[in-house]
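Biologist: Could you walk me through this one? I'd like to know what stands behind each label you use.

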Amino acid sequence: MQTRNVRLALAVVAMGWAGAVAARAASADEAFEKLAAECIENLLQARPEMATQLGDHRFDDRLTDFGAAALAERERTLRAQLAALEQIDVEQLTGPNRVDAEILRLELGSMLFVLTEEKPHEWNPLSYNDSLATSIYLLTAREFAPAEERLRNAAKRLNEIPRVVEQIKATLRNPPRIHTETAIGQTAGAIGLVQNELEPLLLQAPKLRAELKPAQERAVAALEDYKAWLEREVLPRANGEFRLGAEKFRKKLRFALDSEMSPEEIVRRAEAELEATTDEMYVTARPLFRRYFPEAGAEAENDRPRVIKAVLDRLAENRANDETVVERVKEITDAATAFVREKDLMTLPDSPLRIIVLPEFQRGVAIAYCDSPGALEPEGETYYAVAPTPADWSAERKVSFFREYNDYMLHDLSVHEAMPGHFLQIAHSNRFRAPTLVRAVFMSGTFVEGWAVYAERVMAEAGFGGPEVRMQQLKMRVRAIINAILDYKVHCAGMTEQEALDLMMKRGFQEEGEAVGKWRRACQSSTQLSTYFVGAVEHDDARAAAEEREEAAFDLKRYHDRVLSRGSPAMKHVRRELGW
């Protein structure tokens, strides 16, 4: 009887303890979810262009305030939010909240670092492009609301552009020359955007033409004044340092990657993989070399760089041009979609995809990009934007461009940007649901870009496009590897332009035009170029671990669908949530 009473008492104590644990967990979850909602709401109000891009259209009539008082308030808010997050017992969080708390802490820290240490608003004119151009483009690109509503919001944003220009003039100090040159070109594109890209909406709502015209004229005048200011006053004395420096780069890289890999470790692994991937290129190139150059002989075939370059040069002869590239990309994307379905590599999304021409104001940095609907507006179309060459390029430069982006490279590029790369991955990501919007708002660049590079490998190894596309996939892998090396050595080790061009052209087999463009991109960005390689490595490592663990039971489609089911956090979080 006594034993029974003791057991009963212990059971009651255990139930009470379990109840207390559950109560603490519920309390922690509730506190975190409330704080996360406040953080995201504050961010969307502070950065209305980001809200529009994510699909929250409550602030479509506003632009970011870059005034000193607004920046000081933003800093105060970020510090308060980080302090509040520290008061939450993360160990008591349950479900996705545990990972999302880590993501939120990282992102708040990143925003604070950018605002108070990197300070691009003080030296980088490109950091204002979202307000001066993207803000208007976002209202024209998607039919999320009637034309009348979008035009009225566009008018309000256009009326805000003169205020932003004055804030830039008051804040920008001694930017690097390369950033200033690009900003001048992009401002010219922004002027064209304001003048021309609202016309399709005006054709739908002609009664608003008179209402919109004064706002267009004020915005164009402000942008023309800004462009002239950059050209006449800023550019002649633009000698600021474009290199971020080792200390800031190290901090920023950890925020960008959410990875424990140090910059030095990334470079070591990249240099080792550069050798291994070049060996793979040579193995793939040799049969093609024999086919294309049967009279070359055994001695020529043993010359590794010569064989690879000769095969790549031959592949470059099959290429599109400005008039045919967009239609060709459409055909290739359709073929890639059919291939994924036939091979049953992963579950296909039912989201729409449209291939468009890259807007002029966004050219000059990247060749193509995938513009998916915001996570807060998941039913919208995805745009795969492709850039023909600018009208002012010489015939020689155009040829170099399309030699780099030849037909086989377009296959690999379309895998990366569309199917089964960014388009497919983000379509899956937008279907993920959690108690907070943290994972929807803060996608991991390493997961997103890493998946796209990994998808190239999956498709090439499955036979998409044959050995010719496999050659281009390996070349793109080498490019991702070199991206990471450039990222570190440009910003931390004083790499010169000639050293960078030699690395890209001699070791990466890139065309001169592509290498020159990448040098400019490396100078104008920092840490983003590392996301491709680090992300791909993390995806490769995760799959290798799954294959080793499951052995004969490993199923590639099931593996891919599980990886894609967790949104877009850093891969270490996916592995933790899936028990890997």
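**Helices, loops and labels**

Modeller: Let's start with helix 10 (residues 209-234): its 26 residues should span 38 Å at 1.5 Å a residue, and its end C-alpha atoms are 35 Å apart, which agrees. The expected span is 1.5 Å times one less than the number of residues. Bear in mind that this is a predicted model, where local features need pLDDT of at least 70, side-chain atom pairs count only at pLDDT 80 or more, and totals for chains, interfaces and linings use all residues. Residues are numbered from 1 along each chain as its sequence is written, and side-chain values use heavy atoms, with hydrogens and water left out.

Biologist: What makes a run of residues a helix or a strand here?

Modeller: They are DSSP runs, numbered from the N terminus: H or I over at least four residues for a helix, E over at least two for a strand. On that basis the protein has 26 helices and three strands.

Biologist: How do you know how compact the protein is for its length?

Modeller: The radius of gyration is 26 Å and the globule rule gives 25 Å for 580 residues; those are close, so the protein is as compact as a globular protein of that length. The radius is taken over C-alpha atoms, and the rule is 2.2 Å times the number of residues to the power 0.38. Along the principal axes, the C-alpha atoms fill a box of roughly 100 × 65 × 50 Å.

Biologist: Back to helix 10. Which of its residues are called buried, and what covers them?

Modeller: Buried means under 20% relative accessible area, exposed means over 50%, and partly exposed is in between (1.4 Å probe, protein chains only). In helix 10 the buried residues include Leu 212, Tyr 226, Trp 229 and Val 234. Their cover includes helix 6 (129-141), helix 7 (147-171), helix 8 (177-196) and helix 9 (199-204). For the protein as a whole, 55% of the 580 residues count as buried.

Biologist: And why is helix 21 described as largely enclosed?

Modeller: Because 23 of its 27 residues are buried, helix 21 is largely enclosed by the rest of the structure. This helix (residues 466-492) reaches 39 Å from its first C-alpha to its last, close to the 39 Å expected. Just after helix 21, Gly 494 takes a positive phi of about 70 degrees.

Biologist: A glycine I can shrug off. What makes Asp 344 and Thr 527 worth a look?

Modeller: Most residues other than glycine have a negative phi, and most peptide bonds are trans. Asp 344 has a positive phi of about 55 degrees, and Thr 527 has one near 80 degrees. Asp 344 sits in the loop between helix 15 (325-343) and strand 1 (353-357), while Thr 527 is in the loop between helix 23 (512-524) and helix 24 (530-550).

Biologist: Buried or exposed, or something in between: how do you label those two?

Modeller: At 42% relative accessibility, Asp 344 falls in the in-between range, so it counts as partly exposed. Thr 527 has 3%, which is under the 20% limit, so it is buried.

Biologist: Which peptide bond is cis, and how do you know?

Modeller: The one from Met 419 to Pro 420, with omega near 5 degrees. Pro 420 lies in the loop between helix 17 (407-417) and helix 18 (422-429).

Biologist: What does Val 415 touch?

Modeller: Contact means heavy atoms within 4.5 Å. Not counting residues up to four places away in sequence, Val 415 touches Pro 420, Gly 421, Ala 455, Glu 456, Met 459 and Phe 464. Val 415 is in helix 17, and its relative accessible area of 2% makes it buried.

Biologist: Why is Arg 431 called partly exposed and Leu 578 buried?

Modeller: Arg 431 has 42% relative accessibility, so it lands between the two cut-offs. Leu 578 has 15%, under the limit, so it is buried. Arg 431 lies in the loop between helix 18 and helix 19 (438-441) and touches Asp 350 and Ser 351, with residues up to four places away left out. Leu 578 is in the segment after helix 26 (571-577); leaving aside neighbours within four places, Leu 578 is in contact with Arg 562, Val 563 and Arg 566.
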